[in-house]
Amino acid sequence: MTGAGNPAPPAPAPARRPALRARIERMHDHCADTRSLWLRTIGVALARFAPGMFVSIAIPLAAGARVRPYSIASSPEDGEPFEICFNRAPNGAGAAWLFERETGDELEFTGPFGAFTLDRAPEAETIFVAEGTGVAPIRPMIRRALADREGPPIHLLYAADRAEHLLYRGEFAGLAHERPRFRFEPSILPAATLWDGLGRSVQRRWLDSDAVRIRNFYICGVGKGVLELRDRLRAGGYERRSVRYEQW
Ligand SMILES: Cc1cc2nc3c(=O)[nH]c(=O)nc-3n(C[C@H](O)[C@H](O)[C@H](O)COP(=O)(O)OP(=O)(O)OC[C@H]3O[C@@H](n4cnc5c(N)ncnc54)[C@H](O)[C@@H]3O)c2cc1C
């Protein structure tokens with residue numbers, strides 16, 4: 001028993017999530033270098049997760065085992081199998097290993113984990129900014145954000161270097177048609193200046209045009225452009241908790 005004046009007992013060690021196994025039930029090539037896998041757990045079911053979370057996949061390479069996180073691209077409401085979506089990375093042995101998997105193969109993973117999440121429909125205007133496969137965690141967030149017919153405006157600024165790298169385009173366009181408060185804005189920008197282009201658009205519309213600073217931002221993609229956009233928004237007056245990001 002812990003009473004007043006007694007020292008608190010030591011905090012219990014954080015519970016480690018056990019490794020789970022899943023079988024690849026289905027795969028789909030969005031294009032030559034981008035693939036989705038649908039994974040169904042074997043034995044223990046996937047724990048409840050919030051839109052935006054990821055699983056950490058064990059990748060056994062000859063040079064040594066590595067673990068790589070992959071966002072859950074499907075919604076909690078979809079149940080199992082759940083989807084991950086990934087692309088080849090330059091010299092990326094982990095992604096290359098995933099591309100060698102076949103339907104019926106088994107994977108080991110832990111999770112779901114993550115703090116880059118949107119669990120409840122937002123009350124303020126919300127802007128999602130993503131590039132390429134960076135839309136994977138954002139896809140279920142958008143579905144959650146649009147769960148109610150009425151609500152604040154929701155924007156998706158989505159860029160890629162080529163049209164084939166703009167994923168789920170038909171789905172987002174369909175959602176925008178159904179829900180006029182959802183604005184889907186895909187763009188094709190050169191890889192080297194992609195985040196500059198996204199940053200300029202954000203600057204013009206949500207920093208320079210008014211003094212409102214009660215919007216939410218969710219930013220996801222590869223490299224330092226994610227952090228630069230985060231910093232631009234914070235420097236422009238948005239609170240830290242209003243600017244959520246995940247850099248790969
Ligand atoms: C929380 C989190 C969630 C992630 N979710 C996804 C996901 O849903 N889909 C996905 O494709 N990747 C995702 N990633 C990236 C993924 O975990 C791996 O980093 C990526 O597949 C490269 O791993 P690798 O072992 O092949 O290459 P590495 O040798 O580990 O990485 C090589 C370089 O590739 C860069 N990189 C990371 N991801 C990409 C990418 N997608 N495209 C191009 N370059 C990249 C890294 O910054 C690094 O500089 C996520 C990363 C994090 C941190």
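This briefing covers the ligand site, one covered helix, selected loop residues and the unusual backbone geometry of this structure. The model is predicted. The ligand takes up the space of the largest pocket. Asn87 links two topics: a polar side-chain atom of Asn87 lies 2.8 Å from a nitrogen atom of the ligand, and the Asn87 side chain also makes a polar contact of 2.7 Å with the side chain of Thr133.

**Ligand site**

- The shell around the ligand holds 20 residues. The closest are Arg66, Pro69, Tyr70, Asn87 and Ala95.
- Ala95 offers a polar backbone atom 2.7 Å from an oxygen atom of the ligand.
- Ser71 also uses its backbone: a polar atom there is 3.0 Å from a ligand oxygen atom.
- Asn87 uses its side chain instead, with a polar atom 2.8 Å from a ligand nitrogen atom.
- On its own, the ligand has 860 Å² of accessible area, and the protein covers 76% of this.
- Three elements each give two or more residues to the shell: β4 (64-71), β5 (82-87) and α1 (93-100).
- Strand β4 gives the most, with 5 residues.

**Thr133, in contact with Asn87**

- Thr133 sits in the loop between β7 and α2.
- Is Thr133 buried or exposed? Thr133 counts as buried because its relative accessibility is 8%, below the 20% cut-off.
- Beyond its neighbours within four places in sequence, Thr133 is in contact with Thr34, Cys85, Phe86, Asn87, Leu167 and Trp248.
- Thr133 and Phe86 are 47 residues apart in sequence, yet their C-alpha atoms are 6.1 Å apart.
- The side chains of Thr133 and Asn87 are joined by a polar contact of 2.7 Å.

**Helix α2**

- Helix α2 spans residues 138-145 and is mostly covered, with 7 of its 8 residues buried.
- Which residues of α2 are buried? They are Ile138, Arg139, Pro140, Met141, Ile142, Arg144 and Ala145.
- These buried residues pack against five strands and a helix named here in turn: β5, β7 (126-131), β8 (154-160), α3 (169-178), β9 (182-188) and β10 (216-221).

**Ser242**

- Ser242 is in the loop between α5 (225-235) and β11 (243-247).
- Its relative accessible area is 9%, so Ser242 is buried.
- Setting aside residues up to four places away in sequence, Ser242 touches Arg215, Asn216 and Phe217.

**Backbone geometry**

- Most peptide bonds are trans, and most residues other than glycine have a negative phi. The cases below depart from these trends.
- The peptide bond from Glu80 to Pro81 is cis, with omega near 0°. Pro81 lies in the loop between β4 and β5.
- A cis peptide bond also runs from Gly111 to Pro112, with omega near 5°. Pro112 belongs to strand β6 (residues 106-113).
- Asn91 has a positive phi, near 55°. Its place is the loop between β5 and α1.
- Asn91 is exposed because its relative accessible area is 82%, over the 50% cut-off.
- Tyr168 also has a positive phi, near 55°. Tyr168 lies in the loop between β8 and α3.
- With a relative accessibility of 11%, Tyr168 counts as buried.

How values were computed: Residues numbered from 1 in each chain as written. Predicted model: local features only at pLDDT ≥ 70, side-chain atom pairs only at ≥ 80, totals over all residues. Heavy atoms only, no water. Helix = DSSP H or I, 4+ residues; strand = E, 2+ residues; numbered from the N terminus. Buried < 20%, exposed > 50% of the residue type's maximum accessible area, 1.4 Å probe, protein only. Contact = heavy atoms within 4.5 Å. Near = heavy atom within 4 Å. Polar contact = N/O pair within 3.5 Å; in protein donor to acceptor, adjacent residues only side chain to side chain. Areas by Shrake-Rupley, 256 points an atom, 1.4 Å probe, with all protein chains shown as cover. 1 Å grid on protein atoms, 1.4 Å probe; cavity = no way out; pocket = protein on both sides within 12 Å on 5 of 7 lines; lining within 4 Å. Sits in = over half its atoms within 2 Å of the grid points.
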